[in-house]
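Trainee: I should like to go through the terms applied to this structure and ask what justifies each of them.
Mentor: Please put your questions one at a time.

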Amino acid sequence: MKYILKQKSQVNNSPAVIDGLRKELKLSKLTAALLCARGITSPQEAQIFLNPDISQLRDPFLFANMHDAVSAVRHTIATKGKICIYGDYDADGISASAILYKTLNQMGAKVEVFLPNRMEHGYGLTLENIERLQGISLLITVDCGITSTQEIDRAKELGMTTILTDHHECPHVLPKADYILNPKCPDETYPYHSLCGAGVAFKFAQALIGDAALEMIDIAALATIADIVPLLGENRTIAALGLKKLNEDPNPGINALVKKACVKRTSEIDAQTVSFVLAPRINAAGRISTAKTAFELLTENDPEQLEGLAEKLCTLNIDRQQRQERVVAEAMQMQEATGDPGDKIIILYKNDWDIGIVGLAASKVSERYVKPTILLGESEPGIFTGSARSIPGVNIYEALNSQATIYEKFGGHAGAAGLTIKEEYIRQLKHRLNEFLKEHYEDDIFKPLKMYDLKITPAEVSNSLIAEFETMRPFGFKNEQIELLIEGAHIEDIRAIGEDKHAKFQISKNGKSINAVIFGTQAVDVPRYADVVGTLNINTFDMKPQMIVNTLSYEETPLQKMKLARTFLQKTASPCEADCKTYFLDRETLLRVYTVLKKINEKAVSFADEGSLAEFVQKYVAGLTENKTAFALSVFEELGLLEMKKDDKIHIVIHSGKHELSDSRLYQKFGAGEN
């Protein structure tokens, strides 16, 4: 597949700045360039970034309301009042709840936790849930509440003091909570604005119990990584220190989960392990069951109970994976059967799709087809709730917001959104969004895109370079794994591994080579020449550098191009102007192609495949591409003038007869009524 390869935004690529950083810190030019590209340009900034330590944790009392919030907690404890922590059911909300629960327990508080059930209680604070809280003196929200004006008012009417801790964007009018801890509030004095919900809870815990809160920094790190907030600044410090604790002296529940989920672990737990192994299991509880299971895992100490909780989370995650795989498979089947390749968006729905799963499934479908995708399941009779996932360069929130009047509920951001809509409006929504995207975005946006950090050659790769790159861990949002491009590489010594599910090979350029492996691609599908993008590591077997390849960008063979073109022509219902230019052939050109095909028939020439046939025809008809050749063959077949017999080769058979091009629906559809 041919990708559009694009270098990530270079915040600073000044040769002088790069050279200064290289000399001052004794780094390679590549590592210095990488730091500058990510906005780290001074030696002082680089030292802090490369060496996160406890001194980089900010004073929690820099929050404008922190002193008063701490006083409110201490007063409630002193007067024997009951405290309720009201959280969210995702990994961030669960972790935030666990941090404050453990903190308040340590302080001797009477404390309970309310974690909504996704299906029973809905998302965030609700009036119904507030009414359930009886005898509560102090309500503390975590990872929610910043938009809950009515709910906070009702809590105060019921006599509760309210402390609202959150990290989401603030509305124009804030709830009238007694105290708000949210780094994004307009008048907030805290100097770091990108904490997750558990990060805010951790700062609250620091203010309440001091350095003892550091015992929970691994929980804060888990949430920081899972919630996909920028791993820069204080978040980077929390993640780095938390991962260190997770590997040396972890929370008992996280340790139990690691033992169950990482049975074959041979290396340290890193941010990727948290993202792809631990966090999905924590999230699975809230997605398809109750978040209480994950909360208990993070707050329990009994080894036997922890083993059972960890086992249950792993089982729930398997269930979540199976449900997700089913939705993905069904969605792809529906798209293949009825989807129009000319559409710029995919919208699919099914009564029994799990609304807690559709967002994850939409991500997979979107990646597969390089189109924004919305998947919905029935939440009430005739009402569908679902999630949208976008592609780089398309603001799905903006697109959906253009049709805001037809939703029951709607919200989100550029990359993802959620919506609830009546079934009767779904078809209308698809048409309108398709037109909006065609009008506002160029076709290239919908082509496969791969971003990379730096270009490199095999000669520049070494163990010492990889060791330098490792100092930039933990990797995550805004500090992604380092993706490197080897342009115009020769690929040699291709071998199948893992029951032919994966492949290993050598990448060569300018006389130097590096070992490489790609997962999920069979050896037969690895090209001999490509632009290669991947990450570097050291193979523990021979201690030599290797590239973990994730993208092979290369021109498809003529046969592959013909197959794609034929599929598009068969399925597309309403080609856009660009599609017509790509595929359509006028009468004169079609006649020239037909003349060539007649001669092939007369001389009984056969071809290995349709790609070879296309190459032959293109020699005799100027301006033909595989797309246009596929169009010609399809039109002639539709009119009954052409038959392609296939055994081990392809044989052309021309049938005599007079037919009008207007009899071809394909010709009419792409020719827009050409006379």
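The exchange below sets computed values of this predicted model against the cut-offs behind the terms.

Trainee: Why is the contact of Lys-82 with Glu-112 called a salt bridge?
Mentor: The term requires a Lys or Arg side-chain nitrogen within 4 Å of a carboxyl oxygen of Asp or Glu. The closest N and O atoms of Lys-82 and Glu-112 are 3.4 Å apart, so the pair qualifies. It links distant parts of the chain, since Lys-82 belongs to strand β2 (residues 82-86) and Glu-112 to strand β3 (residues 110-114), 30 residues apart. A search of the whole structure finds 37 salt bridges.

Trainee: What makes Lys-82 and Glu-112 partly exposed?
Mentor: Partly exposed lies between buried, under 20% relative accessible area, and exposed, over 50%. Lys-82 has 33% and Glu-112 has 30%, so both values fall in that middle range.

Trainee: How do you know that Glu-215 and Lys-245 form a salt bridge?
Mentor: Their N to O distance is 3.8 Å, and the limit is 4 Å, so the pair counts as a salt bridge. This pair also links distant parts of the chain: Glu-215 is in the loop between α9 (197-209) and α10 (217-226), while Lys-245 is in helix α11 (residues 233-248), 30 residues apart.

Trainee: Is Lys-245 classed as buried or exposed?
Mentor: Lys-245 has 12% relative accessibility, and buried means under 20%, so Lys-245 counts as buried.

Trainee: Why are Glu-330 and Arg-326 separated by about one helical turn?
Mentor: They are four residues apart in helix α15 (residues 303-338), and therefore about one helical turn separates them. Their side chains meet in a salt bridge at 3.0 Å, N to O. Arg-326 has a relative accessible area of 32%, which makes this residue partly exposed. A network of salt bridges links Arg-326, Glu-330, Lys-350 and Asp-352.

Trainee: What makes Lys-501 exposed?
Mentor: Its relative accessibility is 51% and the class begins over 50%, so Lys-501 counts as exposed. Lys-501 is placed in the loop between β14 (484-497) and β15 (502-509).

Trainee: Which residues does Lys-501 touch, leaving aside those up to four places away in sequence?
Mentor: Lys-501 touches Gly-520, Thr-521 and Gln-522. Lys-501 and Gly-520 are 19 residues apart in sequence, yet their C-alpha atoms are 5.6 Å apart in space.

Trainee: How do you know that β7 and β8 pair, and in which sense?
Mentor: Pairing needs at least two bridges. Strand β7 (residues 346-350) and strand β8 (residues 373-380) share five bridges in the parallel sense, so they pair. In one of these strands, β8, Leu-376 is the bridge partner of Tyr-349. Between the two strands the chain passes through helix α16 (residues 358-369), and this β-α-β crossover is right-handed.

Trainee: What makes β8 and β9 a pair as well?
Mentor: Strand β9 (residues 383-389) and β8 have seven bridges in the antiparallel sense, against a requirement of at least two, so they also count as paired. Glu-380 has Ile-383 in β9 as its bridge partner. The hairpin of β8 and β9 has two residues between the strands, and Gly-382 there takes a positive phi near 80 degrees.

Trainee: Where does the UniProt record place the RecJ OB domain?
Mentor: The unreviewed entry lists residues 452-545. Over that range the chain is 9% helix and 46% strand, with the end C-alpha atoms 19 Å apart.

Notes. Residues numbered from 1 in each chain as written. Predicted model: local features only at pLDDT ≥ 70, side-chain atom pairs only at ≥ 80, totals over all residues. Heavy atoms only, no water. UniProt positions renumbered as here; feature names shortened; annotations may be inferred. Buried < 20%, exposed > 50% of the residue type's maximum accessible area, 1.4 Å probe, protein only. Contact = heavy atoms within 4.5 Å. Right-handed = clockwise from strand over helix to strand, strands pointing away.
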